[in-house]
Amino acid sequence: MVLYLIGLGLGDEEDITVKGLNAVRRCSHVFLEQYTAVLGVDAERLEKFYGKKVTIADRDMVESQAEVIMEHAKDEDVAFLVVGDPFAATTHHDLVLRAAELGIKVETIHNASIMNGVAQTGLQLYQFGQTVSICFFHEQWRPDSFYDKIKTNMQNNFHTLCLLDIKVKEQSFENMAKGIKVYEPPRFMTIKQCIEQLLEVEDKRKENVYSRDSLAFGVARLGQSSQRIVSGSLGELLEVDFGGPLHSLVLCAPQLHEIEESMSDYWHVHPAERKKMREEQRRKREQEEKEKMAQRAAEREREEQERKATAAAATSTSSSSSSSTLRSLTRSKQPVRASAVAPTSDNTQDEDSESEVAMEPLF
Ligand SMILES: C[S@@+](CC[C@H](N)C(=O)[O-])C[C@H]1O[C@@H](n2cnc3c(N)ncnc32)[C@H](O)[C@@H]1O
């Protein structure tokens, strides 16, 4: 039969597509994966809207006990629901491969994802570089490989989407070591925690990839009625209360497109101050532009004067040098045109007669 991988979108039970909803209603079993992302509503709301019982599939079930899902899919249609899109920033290809091994047909029904919904900020999707995952730091484990990726993105003038850690049904290190199946309460990284970790790593690496002044966007519960999008420096965003999960952060590229600039004003944490600052920046730019133009005009004027002066000097040099050439030609009795001057009896010429020769050039 068919294993349907169905994206639920970002908001609530109503974000499923018509095609997805029809598929869910046809299925005998419906699993909901909610360890990589969560909707703004609980599973009961989905059950009510879909008219189907929904079984929560935790990481263990999907990664280690996928046979439970496959067993059903051998004989019946099964829906596997994923918040957002089934293949955006999630790794459910293993289900596709397992189903293929068992000869189970797979159909995918896509939906909106954080990976494209983030464009609501006004940042252009094709200006995004590598996405990074920011994991919760532990005392002994503070992974910072994201720093190099952000650095590359910044060098290429790309934005960086930071997806933040989620811990659902996780054991503490201690319980895991002891093999005790007691789970910690769910934890969702906040934008504030993410910024603190980013700044800690910058402090350690000191490669000036970003700072408290770097422009960023905090995005919370995108697609839900309570969504929040706020832009500001990392320092400013630290002070914003973004509310409940899920949160993401976008670190902006060093140079923004004009529209992106305007959208960052639109979402800014201090819009009035931001507007004032941007006005000042614009005035300063215009003033600088005017000064540059005046400087260029003055340079052109000076060059023109110099050109004229050089031309005048060249003309006077050439006329004086042609006279002297002719004078010297005459003195050395170079042949002149036969009719030029009648030889004097004593074969001498005064200065005036030399001038006459000069009037008859040898061309
Ligand atoms: C592993 S990704 C899952 C992506 C999901 N499959 C999708 O297509 O959107 C989970 C991370 O994406 C981000 N995220 C997902 N949905 C979000 C939302 N509605 N608002 C803000 N961030 C979200 C959060 O950082 C969350 O920890």
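Here's a quick tour of this structure, starting with the ligand and working out to the sheets and the odd spots in the backbone.

Keep in mind that this is a predicted model. The mean pLDDT of the protein is 88, with 88% of its residues at 70 or more. There's a ligand here, and it lies between two domains because both domain 1 (2-112) and domain 2 (116-279) give residues to the shell around it.

**Around the ligand**
- The ligand has 24 residues surrounding it. The closest are G84, A88, S113, I114 and L222.
- Four elements give two or more residues to this shell: α6 (114-117), β7 (160-164), β10 (215-220) and β12 (247-251).
- By type, the shell breaks down into 15 nonpolar residues, seven polar ones and two charged ones.

**The parallel sheet**
- One open sheet is built from five strands, and reading across it you get β3-β2-β4-β1-β5. The pairing here is parallel.
- At the edges sit β3 (55-57) and β5 (105-109), and each of them pairs on one side only.
- From one strand to the next, the twist averages 25°.
- Want a place to zoom in? Try β2 (residues 29-33) and β4 (residues 78-82), which run parallel and are joined by five bridges. Within that pair, V30 stands opposite A79 of β4.
- Helix α4 (residues 66-75) lies across β1 (2-7), β2 and β4. Relative to β4, helix α4 runs at about 140°.

**The mixed sheet**
- Another open sheet has five strands in the order β6-β7-β12-β10-β11, and its pairing is mixed.
- β6 (132-134) and β11 (228-233) are the edge strands here. Each has a single partner strand, so one side of each is left without a neighbour in the sheet.
- The twist in this sheet averages 25° from one strand to the next.
- Strands β6 and β7 run parallel, with three bridges joining them. V132 has C162 in β7 as its bridge partner.
- Helix α9 (residues 191-205) lies across β6, β7, β10 and β12. The angle between helix α9 and β12 is about 40°.

**Backbone spots worth a look**
- As background, most peptide bonds are trans, and most residues other than glycine have a negative phi.
- P245 and L246 are joined by a cis peptide bond, with omega at about 0°. You'll find L246 in the loop between α10 (234-237) and β12.
- K169 isn't a glycine, yet its phi is positive, near 55°. Look for K169 in the loop between β8 (166-167) and α8 (173-178).

**Where to be careful**
- Over residues 332-363 the pLDDT is below 50. This stretch has 21 contacts in the model beyond near neighbours in sequence.
- Where pLDDT is low, the predicted coordinates shouldn't be read in detail.

Key: Residues numbered from 1 in each chain as written. Predicted model: local features only at pLDDT ≥ 70, side-chain atom pairs only at ≥ 80, totals over all residues. Near = placed C-beta within 6 Å. Nonpolar A, V, L, I, M, F, W, Y, C, P; charged D, E, K, R; others polar. Domains from an automatic or database assignment. Pairing = 2+ DSSP bridges. Axes fitted to C-alpha atoms, helices over the stretch in contact; angles between N-to-C directions. Contact = placed C-beta atoms within 7 Å. pLDDT = per-residue confidence, 0-100.
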